[in-house]
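Trainee: I am new to this structure and would like a close look at a single part, the metal site. Could you walk me through that part and then show me how the rest of the chain is laid out around it?

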Amino acid sequence: MKYCKYCGSQLDDDAVVCVNCGRATDEFVAAGAESDTNKTLNIVIKVFMVLGCIAYGWTLIPLIWCIPMTVSFFRKVSDGRKVGVGFKVCTLLFVNIIAGICLLCRDENCYKD
Ligand SMILES: [Zn+2]
């Protein structure tokens, strides 16, 4: 017997999704594993988004979206969630062009909605 690492519910041994909270179990995450390219892209995107925040820091106003978008991306990566096209384009335009291009290159198929 195993337990959901997010909510602690008991799971069937072959369960891929927790029936209580709906999150994927480790086995499911492993099955839809991130490619090495995506892992590298994620690191590059994180670095350039943080650099984007710092670069815009002096104007203060972009912090209203730069920091929330960067935090949101970090959360999406740690949860294994998809990043929408709108978010990618906004990152490219308003946070950092390199991070945006890397985001657009990211393969979303291995992530959940
Ligand atoms: Zn759960």
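Mentor: Happy to! One term first: the bounds of a domain, as used here, come from an automatic or database domain assignment. Please also keep in mind that this is a predicted model. The assignment divides the chain into domain 1 (1–31) and domain 2 (35–113), and the C-alpha centres of domain 1 and domain 2 lie 28 Å apart.

Now to the metal site. The zinc ion has four protein donors, the SG atoms of Cys4, Cys7, Cys18 and Cys21, at 2.2 to 2.3 Å from the ion. Along the chain, these donors show the spacing C-x2-C-x10-C-x2-C. Look at Cys4 and Cys18, which link distant parts of the chain: Cys4 sits in the loop between strand 1 (2–3) and strand 2 (10–11), while Cys18 sits in the loop between strand 2 and helix 1 (26–31), 14 residues apart. Both Cys4 and Cys18 are buried.

What about the geometry? The donor atoms around the zinc ion subtend angles of 105 to 116°, and therefore the arrangement is tetrahedral. To count as tetrahedral, four donors need all their angles between 85 and 135 degrees. For comparison, the ideal angle for four tetrahedral donors is 109.5 degrees.

Let us step back to the whole chain. It has five helices and two strands, and starting at the N terminus the order is β-β-α-α-α-α-α. Along the principal axes, the C-alpha atoms fill a box of roughly 55 × 25 × 20 Å.

Next, find the largest nonpolar core, which has 14 residues; Ile45, Met49, Phe73, Phe87 and Leu103 have the most contacts inside it. Helix 2 (36–56), helix 3 (63–79), helix 4 (85–95) and helix 5 (97–105) are the elements that each give two or more residues to this core. Leu103 is a good residue to zoom in on: leaving aside residues up to four places away in sequence, Leu103 touches Ile45, Phe73, Val83, Phe87, Lys88, Thr91 and Glu108.

A few totals round off the picture. Of the 113 residues in the chain, 32% are buried. Among contacts with a separation of 6 or more, 47% join residues 24 or more positions apart. The chain exposes about 6900 Å², with carbon and sulfur atoms supplying 65% of that area.

Key: Residues numbered from 1 in each chain as written. Predicted model: local features only at pLDDT ≥ 70, side-chain atom pairs only at ≥ 80, totals over all residues. Heavy atoms only, no water. Donors = N, O, S within 2.8 Å, 3.2 Å for Na, K, Ca; no water. Tetrahedral: all angles 85-135°; square planar, octahedral: opposite > 155°, others 65-115°. Helix = DSSP H or I, 4+ residues; strand = E, 2+ residues; numbered from the N terminus. Buried < 20%, exposed > 50% of the residue type's maximum accessible area, 1.4 Å probe, protein only. Core = buried A, V, L, I, M, F, W, Y, C linked by side-chain atoms within 4.5 Å. Contact = heavy atoms within 4.5 Å. Areas by Shrake-Rupley, 256 points an atom, 1.4 Å probe, with all protein chains shown as cover.
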